[in-house]
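Biologist: I am new to this one and would like to understand the reasons behind the labels. Could we look at it together?

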Amino acid sequence: MRVVHTSDWHAGRIWKGIDRSSELEAVLDDLANFLQREHVELLLVSGDVFDNGAPVAKAEKLVFGFFKRIGKAGTKSIVIAGNHDSPARVEAWGLLAEFVDVHARGFPRRAADGGVISFQSRDGDPVHVAVVPFAPSRLLVTAAELASSETQARQRYADGFAAMVESLCGVFRAGSINLLMAHTHLQGAVLSNSERQVHVGDDWAATPQVLPSTAHYVALGHIHRPQRIDAAAAPAEYAGSALQLDFGEIGQDKSFVFFDARPRQPVRVERVPYRGGRLLSSMTAMLSDLERDAPALRDAGWLRVEVLLEQRIPDLNARIRRMLPNAVSVQEVLPGPVSTSDVIRTSGMSPSDAYRAYFEITHGRPADDALVDKLKSLYEEETRA
């Protein structure tokens, strides 16, 4: 059975006054072409379909039109709610979406109540898909637990997620295709600094060790950086966001996951790049250089521009935006002390994420993963000492 895993579309997103709908429409059109061309039987969408709980009609039309198209072409879809989605709305539109073979789950459920979606593949193989939509901390942790011990509350959250996974995946069998979907933050996942920190802090992270080895594949949503979770016993991937959603995602190659699943056989995961989204980039240059290179820069995607100046220019922002309509952020860099606007707000961030934020502000590009891993290792050694 051919399967595609995608996630974190954030349909309806308005970013710095820019409507990203046309980009997402191009991405979803290319994705639909791929599903049809490769005869993909199942599409997994692991949450954050929309950017907020009350999406505008334009965003809903885009998403529902996509599902209608691929459903009529023969691709079954399973969708779970993320922290940006309204679980009640997902459950509501899911009732009608089933007419085009879309199965949507907004709230965590028991296996017998729809927490596991079972069917037969085109080849006659039994398929079980266990689904865990986003579970906010209030669902798994009581106010009393949170008030009595923060450490106990964090552990209670991780234990609650583990219990859900264990219960749902109890239906997995050796002769079936077994898939798990979840919208959550797993410990060890590398953030993009564009996720909502309140939902992805280490306080409310589950552990990858609870993911079952009996799963052929674990489809994860919530973290925007595409990545594999190596600590999991089964192949587990964050598909990542469909677009570069903020400047914290500069340099990330956005892609969806493609694999062929068969009973009693391991899957081999392939990453396929999305096409249609505009890249985000950051640059620091003198005003004269920007004027010289403006024709080429207008086709360089969305830009964050830092202009090196000897003295302040009152109308700099308007001047740059007339020259570069794709410049969504313009900052002046003057000689002298660091501006207070460059101070990093690290409250609630892990040391690794704080260093990533510092590195990007200082150097204008993302930090190398190996460098961050080394910093994390040194920090843990000092903490133990």
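Biologist: What span is expected for helix α11, and how many Å does it reach from its first C-alpha to its last?

Modeller: Happy to help, and please keep in mind that this is a predicted model. Helix α11 covers residues 369–384, 16 in number, and reaches 23 Å, close to the 22 Å expected at 1.5 Å a residue.

Biologist: What makes Asp368 a cap for the N-terminal end of α11?

Modeller: A side-chain oxygen of Asp368 lies 2.9 Å from the backbone nitrogen of Ala370. A polar contact needs N or O atoms within 3.5 Å, so the pair at 2.9 Å counts.

Biologist: Why is α8 called roughly parallel to α9?

Modeller: Helices α8 (residues 287–297) and α9 (residues 316–323) pack at an angle of about 20°, with axes 10 Å apart. Angles under 35 degrees count as roughly parallel, so α8 is roughly parallel to α9. Leu287, Leu290, Glu291 and Ala294 of α8 make the contact with Arg319, Ile320 and Met323 of α9. The crossing of the two helices, α8 and α9, is left-handed.

Biologist: How do you know that β15 and β16 pair?

Modeller: Pairing takes at least two bridges, and β15 and β16 (residues 302–308) have seven, in the parallel sense. Among the bridge partners are Ser282 and Arg304 of β16.

Biologist: What makes β15 and β17 edge strands?

Modeller: The open sheet has the order β15-β16-β17, and β15 (280–286) and β17 (327–333) each pair on one side only. From one strand to the next, the twist averages 15°. Helix α8 lies across β15 and β16, at about 145° to β15.

Terms used: Residues are numbered from 1 along each chain as its sequence is written. This is a predicted model: local features need pLDDT of at least 70, side-chain atom pairs count only at pLDDT 80 or more; totals for chains, interfaces and linings use all residues. Side-chain values use heavy atoms; hydrogens and water are left out. Helices (H or I, at least four residues) and strands (E, at least two) are DSSP runs, numbered from the N terminus. Axes are lines fitted to C-alpha atoms, for helices over the stretch in contact, and angles run from 0 to 180 degrees between N-to-C directions. Contact means heavy atoms within 4.5 Å. The expected span of a helix is 1.5 Å times one less than its number of residues. A polar contact is a pair of N or O atoms within 3.5 Å; within protein, one must be able to donate a hydrogen and the other to accept it, and residues adjacent in sequence count only if both atoms are side-chain atoms. Angles under 35 degrees count as roughly parallel, over 145 as roughly antiparallel, 65 to 115 as roughly perpendicular and the rest as oblique. A crossing is left-handed if the near helix is turned anticlockwise from the far one by less than a right angle, and right-handed if clockwise.
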